[in-house]
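Trainee: I would like to learn how to read a protein model. Please show it to me, and we can go through it step by step.

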Amino acid sequence: MPRPGARPGPPPGLVLAWRPPRRECRAIDPSTLSAGALVGLYRRGALSPVEAARAALGRIARGNPRLNAVIALDEAGARAAAARSEARWRAGCPAGPLDGVPLTVKDNIPAAGLPCRWGSPAWPGGVPARDELPVARLRAGGAVILGKTNVPEFTLEGYTDNALFGPTRNPWDPRLTPGGSSGGAVAAVASGMGPLALGTDGGGSIRRPASHTGLVGLKPTPGRVPRAEGLPAILLDLEVIGPIARTVADAALLLAAIADPAPEDPLSRGIEPFAALDAAPRLRIRYVPRFGASPVDPGIATSVAVAAGRLAALGHAVEEGPPPFDPDAVLPLFPAIAGAGLAWLLGSLPGHPSPSSPALAAMAAAGRGAGAAALFGALDAMGAFRQAMALFLTRDCDAILTPAAAALPWPARESHPPVIDGQPAGPRGHAVFTNFANLGALPAIALPGDPVAGLPAGFQLVGAPGSEAALLAVGAAYEAAHPWADRWPDLA
């Protein structure tokens, strides 16, 4: 133990020597700390990666029976990885900026040695021998992989339940859903089962669940996070891998760890290497409170309006206006592409199985019936939309502000809320605000706003292609002015 009055540890970025964890820091519950805080404690010798892994595993043991966030746990692997990390910190040579940080991986992202079920009995599953590229990068950087998190079937629904593992529940109210398809991932982070999670976003699957659980979720530009050794791309480049975290700084740390271009992924070759900004730029923001006649929960609308005012107070030029596209023409492109992709996938599997979900069975049937002409029409329209949005977000404004979800969380076993603000809402009514960013190949960040009736509610900022650093910097400035990291659900 260091003597009283000893000098503080070395500055960030310089590791001189590892010291045994200080006794006074053991009163801290490591499962409540951010990734950045954990690394800072490792650097100073005030906490061990073994202690952090033990705390995360303990949180999983206590909370997972109720929440069903983690569906495949690698306790032995996590403990071994944490021990190796401790040895590296002891030697003063951590493998990367997330060395020793515990995290989870969404079940549609292959991780070597862990089952990959995609939430469906129709998927052959198995245990992959290789990591998908972002997971491989995290392992190489010393991150501690805890396990896989639950998803809806084929990650194509906006809540998290399936015939294999059952429903995932929201830590803020276990009667409710955390959303989907990254529902297990956000439930894990929001309940302290690791400060970070790797998720995917094909139509809002990171951003909406983050908003339902009080977290930060980033959907990157296609190619920003290179992909290889993954599952079949039934959503083409609409689906990307991105970070889920409690703080903007942690989301940036995770993105930086997985974002370098890679020769395996041609989409990544035209993307500039990710570099965080020192200060937030002043943005021209189009504030879009609703899409046409689509209903929005009044509490969410108020929360997002407050966020718009706060962004203006931070110096951004915020102007309310309509969406810069026709939602009725653009938003149906997503189910057209998803239906075709699902129909192709099922047709390629032995026996041509059907999904367990009736909604997905109907989606696949519609995809089969639509034919190639409909698919290519949707792809052509999507290409034109991408050009128009890239131009708008260069010439007319820098970001678009909307709610991240149109509804508060609903009962965990129901696929969607049938009514929003007293109006009937279809299966995608709660998700109306998010998939335009995927169709437009645009990065987007979901940030916590003011809670509504005791439940989290979020807003999103959608930027021009490649603008992740600006979105994160603006998010960090907003968080500094209006912090949320001390908001925790009742974890008793």
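Trainee: How many helices and strands are there in the protein chain?

Mentor: Helices (H or I, at least four residues) and strands (E, at least two) are DSSP runs, numbered from the N terminus. The protein chain has 13 helices and 13 strands. This is a predicted model, in which local features need pLDDT of at least 70 and side-chain atom pairs count only at pLDDT 80 or more, while totals for chains, interfaces and linings use all residues. Residues are numbered from 1 along each chain as its sequence is written, and side-chain values use heavy atoms, with hydrogens and water left out.

Trainee: What does the radius of gyration say about the protein chain?

Mentor: The radius is taken over C-alpha atoms, and the globule rule to set against it is 2.2 Å times the number of residues to the power 0.38. For 492 residues the rule gives 23 Å and the chain has 22 Å, so the chain is as compact as a globular protein of that length. Along the principal axes, the C-alpha atoms fill a box of roughly 70 × 55 × 45 Å.

Trainee: What percentage of the residues count as buried?

Mentor: Buried means under 20% relative accessible area, exposed over 50%, and partly exposed in between (1.4 Å probe, protein chains only). Of the 492 residues, 58% count as buried.

Trainee: What share of the contacts joins residues 24 or more positions apart?

Mentor: A contact means heavy atoms within 4.5 Å. Among contacts with a separation of 6 or more, 77% are between residues 24 or more positions apart.

Trainee: How do I check a helix, say α10?

Mentor: Start from the expected span, which is 1.5 Å times one less than the number of residues. Helix α10 covers residues 333-348, and its 16 residues should span 22 Å. Its end C-alpha atoms are 23 Å apart, which agrees.

Trainee: Which residues of α10 are buried, and what covers them?

Mentor: One general point helps here. An α-helix has 3.6 residues a turn, so residues three or four places apart point the same way. The buried residues of α10 are L333, F334, I337, A338, G339, A340, G341, L342, A343, L345 and L346. Their cover includes α9 (327-330), α11 (358-395) and α12 (435-439).

Trainee: Is T104, in a strand, buried or exposed?

Mentor: T104 belongs to strand β2 (residues 102-106). It is buried, at a relative accessible area of 1%. Not counting residues up to four places away in sequence, T104 touches several residues, including V70, L146, G147 and M193.

Trainee: What do we find in strand β13?

Mentor: Strand β13 (residues 458-463) holds L461, and F459 lies there too. L461 is buried, with a relative accessible area of 0%, and F459 is buried at 1%. Leaving aside neighbours within four places in sequence, L461 is in contact with residues that include I285, L311, A399 and V474. Sequence distance and distance in space are separate readings: F459 and R284 are 175 residues apart in sequence and 16 Å apart in space, C-alpha to C-alpha.

Trainee: Where is P409, and which residues does P409 touch?

Mentor: P409 is in the loop between β9 (399-403) and β10 (419-420). At 9% relative accessibility, P409 counts as buried. With residues up to four places away in sequence left out, P409 touches N170, L176, T177, H212 and L455. P409 and N170 are 239 residues apart along the chain, and their C-alpha atoms are separated by 8.2 Å.
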